[in-house]
Amino acid sequence: MTSCSSPDPNTLLGKADSGHLTIGIRFDQPGLAEHTLDGRFVGFDVDVAEFVAGQLGVKPSGITWRETTSATRETDLTSGTVDLVVATYSITDKRKQLIAFAGPYFETGQDLLVRRSDTAITGPETLNGRRLCSVTGSTPAQEVKARFAQAVQLVEYPRYPDCVTALLAGQVDAVTTDGVILAGYVTQNPELLKVIGKPFSTERYGIGLRKGDPQGQAALDDAIKKMIDTGRWADSLRANIGPSGYPLPAPPAVTER
């Protein structure tokens, strides 16, 4: 990915030229991005990050993984703490005021995770008077309150596993975020949890990078397209998300600019 003249070292391609990138991912999302007890980083987002980094000339051994959260993704990028964010990062106009996106590389929708024994919650409109959990800095719970159930009680925790623990303990009645994220937690407790399976939004995941780097953005778009075209995208989804029973979508059109 180099030309006759070396790219600006402050750009994505310039950083990749050094053979090293720092990539922000989640450490706590089964099937998507997880830091395992034996020290590995596994999941669909991890595979996407490794593939695009490889297309920029950076080997897996040249990647430094850094944990990012819903509340810190923009500041991690703008401060230079990370070079890329691949972390179930929905493309929104508000976020594009601060950072840039490549992609999308995946599309999903907001859904609800509830206890398997719960028959009363059948969708977001049935949450009035219930306790709904989401993570600090994320928007799904506020969306439910604004659009479907004004009398819902919102509960926030720093991480999704905290919400899932509270759900299992009966301290909250439902957890909301994207269906593909919730599906990962069902695989850990299939006899106790279920996803309602009625998505009520469209979320398009992009790779976050700093603004003002059109060459880096274009290189990432090309890398995502190649991952899809070679079949690696579908292989990773089947391996990481398939066991949850979540319906695997077709690849999105990579159009973000």
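**Exercise 1. Is Arg130 buried, partly exposed or exposed, and what is its relative accessible area?**

Solution. The model examined here is predicted, so local features are taken only at pLDDT of at least 70 and side-chain atom pairs only at pLDDT 80 or more, while totals for chains, interfaces and linings use all residues. Residues are numbered from 1 along each chain as its sequence is written, and side-chain values use heavy atoms, with hydrogens and water left out.

Step 1. Apply the classes: buried means under 20% relative accessible area, exposed means over 50%, and partly exposed lies in between (1.4 Å probe, protein chains only).

Step 2. Arg130 has a relative accessible area of 23%, and therefore counts as partly exposed.

Step 3. Identify the partner. Arg130 forms a salt bridge with Asp118, with 3.8 Å between the closest N and O atoms. This pair links distant parts of the chain: Arg130 and Asp118 are twelve residues apart, and each is in the loop between E8 and strand E9 (131–135). A salt bridge is a side-chain nitrogen of Lys or Arg within 4 Å of a carboxyl oxygen of Asp or Glu. Helices (H or I, at least four residues) and strands (E, at least two) are DSSP runs, numbered from the N terminus.

Step 4. Asp118 has a relative accessibility of 10%, so this residue counts as buried.

**Exercise 2. Determine where the salt-bridge partners Arg210 and Asp83 lie.**

Solution.

Step 1. The closest N and O atoms of Arg210 and Asp83 are 3.4 Å apart, and the two residues form a salt bridge.

Step 2. Arg210 is placed in the loop between strand E13 (203–209) and helix H8 (214–229), and Asp83 in the loop between helix H3 (73–78) and strand E6 (84–85); the pair is 127 residues apart and links distant parts of the chain.

Step 3. Arg210 counts as partly exposed because its relative accessibility is 22%. Asp83, at 9%, counts as buried.

Step 4. Set beside this pair the salt bridge of Lys96 and Asp93, with an N to O distance of 3.9 Å. Both residues lie in helix H4 (residues 93–96), three residues apart, about one turn of the helix. Lys96 is partly exposed at 25% relative accessibility, whereas Asp93 is exposed at 60%.

Step 5. Place these pairs in the whole. The structure contains twelve salt bridges. A network of salt bridges also links Arg26, Asp28, Glu67 and Arg159.

**Exercise 3. Which side chain of opposite charge is nearest to Asp111, and how far away is it?**

Solution.

Step 1. Locate the residue: Asp111 belongs to strand E8 (residues 110–115).

Step 2. Assign charges: Lys and Arg count as positive, Asp and Glu as negative, and His and the chain ends are not counted.

Step 3. The nearest side chain of opposite charge is that of Lys198, 8.9 Å away; Asp111 is buried and has no salt bridge.

Step 4. Examine the backbone. The side chain of Asp111 reaches the backbone nitrogen of Lys198 at 3.2 Å.

Step 5. List the surroundings. Leaving aside residues up to four places away in sequence, Asp111 touches several residues, among them Val175, Thr176, Leu182, Ile196, Lys198 and Phe200. Contact means heavy atoms within 4.5 Å.

**Exercise 4. Describe the largest pocket and the elements that line it.**

Solution.

Step 1. The largest pocket holds about 570 Å³ of space. On a 1 Å grid over the protein atoms alone, a pocket is an open set of points where a 1.4 Å probe fits, with protein on both sides within 12 Å along at least five of seven lines; lining residues have an atom within 4 Å of a point. Grid points are joined across faces, edges and corners, and the volume is the space filled by probe spheres set on the points.

Step 2. The lining comprises 27 residues, and Ser90, Thr92, Arg95, Ser138 and Thr139 lie nearest the centre.

Step 3. Two or more lining residues come from each of H3, H4, helix H5 (140–147), strand E11 (174–178) and E13. H5 gives the most, with three residues.

**Exercise 5. Identify the backbone features at Pro104 and Thr88.**

Solution.

Step 1. Gly103 and Pro104 are joined by a cis peptide bond, with omega about 10 degrees. Pro104 is in strand E7 (residues 100–108).

Step 2. Thr88 is not a glycine, yet has a positive phi of about 40 degrees. Thr88 lies in the loop between E6 and H4, and counts as buried at 6% relative accessibility.

Key. A polar contact is a pair of N or O atoms within 3.5 Å; within protein, one must be able to donate a hydrogen and the other to accept it, and residues adjacent in sequence count only if both atoms are side-chain atoms.
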